[in-house]
Amino acid sequence: MNDQAFVEQTNGAVVRRLMGYGRFDGVETARMMGRLYAAARLYGNFFQPSFKLKKKRREGAKVIKRYHLPSTPYERALAHPKVTAAVKKRLRDQYRSLDPVALLAEIRATQEELGNRVDRRAGQARGLQPAHTSILPATAATFAKTLGKTATVGEPRARHRRTRRPYKTRVRMPSKLDPHIAAIEAWLAEQPQLTALAIVGRLREKYPEEFGKRQHSIVQPLLRALRRRAAERLVAQGPLDDATTDAPLPGVVDGSGYVGPDPPTAPLVEQTGKAIWRDQLIDIGSSSAMAPSG
């Protein structure tokens, strides 16, 4: 149950995109976060336009939405009739004093510093000190010159997230079948058709204190692995390139490779007697076989 849905939505859509997913601590880090929020607030409210829903209607299962023209919160505040003239004048003065490139450079610089703090904290926990230097320009003018080249050169990520470390290799747990693998392989060499139930029965006869009646499930994976290994050995012993056959290979589609008796397509020899056709006994009195009508 989510009792604070709007707060949680803000955390995912705004906070995590700015701050990332690292863990921060310390007073200096809190000051750095304050710098980031201040620059992001001014940049978003004065220079980031967004859509606002105007109306929507439903036609059956289809919902049709219409939006206002994209505008910034600053422009919406100036257009609102209930905002006083003094507040609008103060907003205009503040807007004239802002530089979007400088604000964006401040956001990038603080994000880079917060990312370095997360890296240093993680390195200290592992007993290491990662050497990471900032690649951001020192001034807003230098930063503005690099904005058109970020698509090719590469821009630091807006939100810092450490790369995932690979999962540890799964360690195979010891099995009670390990001491008996050689015996099972010998049984399979003598009788390859043995099933898991038969193998468990033999183990239960020899070691009744270790194996019970319903333990064939632990034998089935081992049985599949042993049979796969035996099949690979058989394939490796007889390469396909050296395989020969005594029978002639079939010819092309015209049947030139057929070496059997001629097909019964020639007319029957002249004879008088009886023959069976479609499970019926018929008389043959002419030089050729006549199929009964009907």
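# A walk from threonine 72

Start by selecting threonine 72: leaving aside its neighbours within four places in sequence, threonine 72 is in contact (heavy atoms within 4.5 Å) with Asn45, Phe46, Phe47, Gln48 and Pro49. You are looking at a predicted model, where local features need pLDDT of at least 70 and side-chain atom pairs count only at pLDDT 80 or more, while totals for chains, interfaces and linings use all residues. Residues are numbered from 1 along each chain as its sequence is written, and side-chain values use heavy atoms, with hydrogens and water left out.

**Stop 1: around threonine 72**

Stay on threonine 72 and colour the elements on each side. Threonine 72 sits in the loop between strand 2 (62-67) and helix 3 (73-79). Helices (H or I, at least four residues) and strands (E, at least two) are DSSP runs, numbered from the N terminus. Is threonine 72 buried or exposed? Threonine 72 counts as buried because its relative accessible area is 6%. Buried means under 20%, exposed over 50%, and partly exposed in between, using a 1.4 Å probe and protein chains only.

**Stop 2: arginine 76**

Now step along to arginine 76, which belongs to helix 3. Arginine 76 has 24% relative accessibility, so this residue is partly exposed. Show its surroundings: apart from neighbours within four places in sequence, arginine 76 touches Ser50, Phe51, Lys52 and Ser71 by the contact rule. Which backbone atom lies 3.1 Å from a polar atom of the side chain of arginine 76? Zoom in, and you will find the backbone oxygen of serine 71 there. Before leaving, add asparagine 45, one of the residues in contact with threonine 72. From C-alpha to C-alpha, asparagine 45 and arginine 76 are 9.9 Å apart in space, and 31 residues apart in sequence.

**Stop 3: alanine 105**

Next, select helix 5 (100-125) and pick out alanine 105, which lies in this helix. Alanine 105 is buried, because its relative accessible area is 17%. Then add threonine 142 to your selection. How many residues separate threonine 142 from alanine 105 in sequence? The two are 37 residues apart along the chain, with 9.6 Å between their C-alpha atoms.

**Stop 4: serine 175**

Move on to the loop between helix 7 (150-153) and helix 8, where you will meet serine 175. With a relative accessible area of 28%, serine 175 is classed as partly exposed. Select isoleucine 218 as well and draw a line between the two C-alpha atoms: it spans 8.7 Å, for a pair 43 residues apart in sequence.

**Stop 5: helix 9**

Select residues 196-206 to light up helix 9. Which residues of helix 9 are buried? They are Ala196, Ile199, Val200, Gly201 and Leu203. To see what these buried residues pack against, show helix 8 (181-190) and helix 10 (219-237).

**Last stop: the whole protein**

Zoom out and colour by secondary structure. The protein has 10 helices and four strands. Following the sequence, you pass two helices, then two strands, then eight helices, then two strands. Of the 294 residues in the protein, 19% are buried, and threonine 72 from your opening stop is buried too. Among contacts with a separation of 6 or more, 51% join residues 24 or more positions apart. Finally, turn on the surface: the protein exposes about 23500 Å² (Shrake-Rupley method, 1.4 Å probe), and carbon and sulfur atoms supply 55% of that area.

Conventions. Polar contact = N/O pair within 3.5 Å; in protein donor to acceptor, adjacent residues only side chain to side chain.
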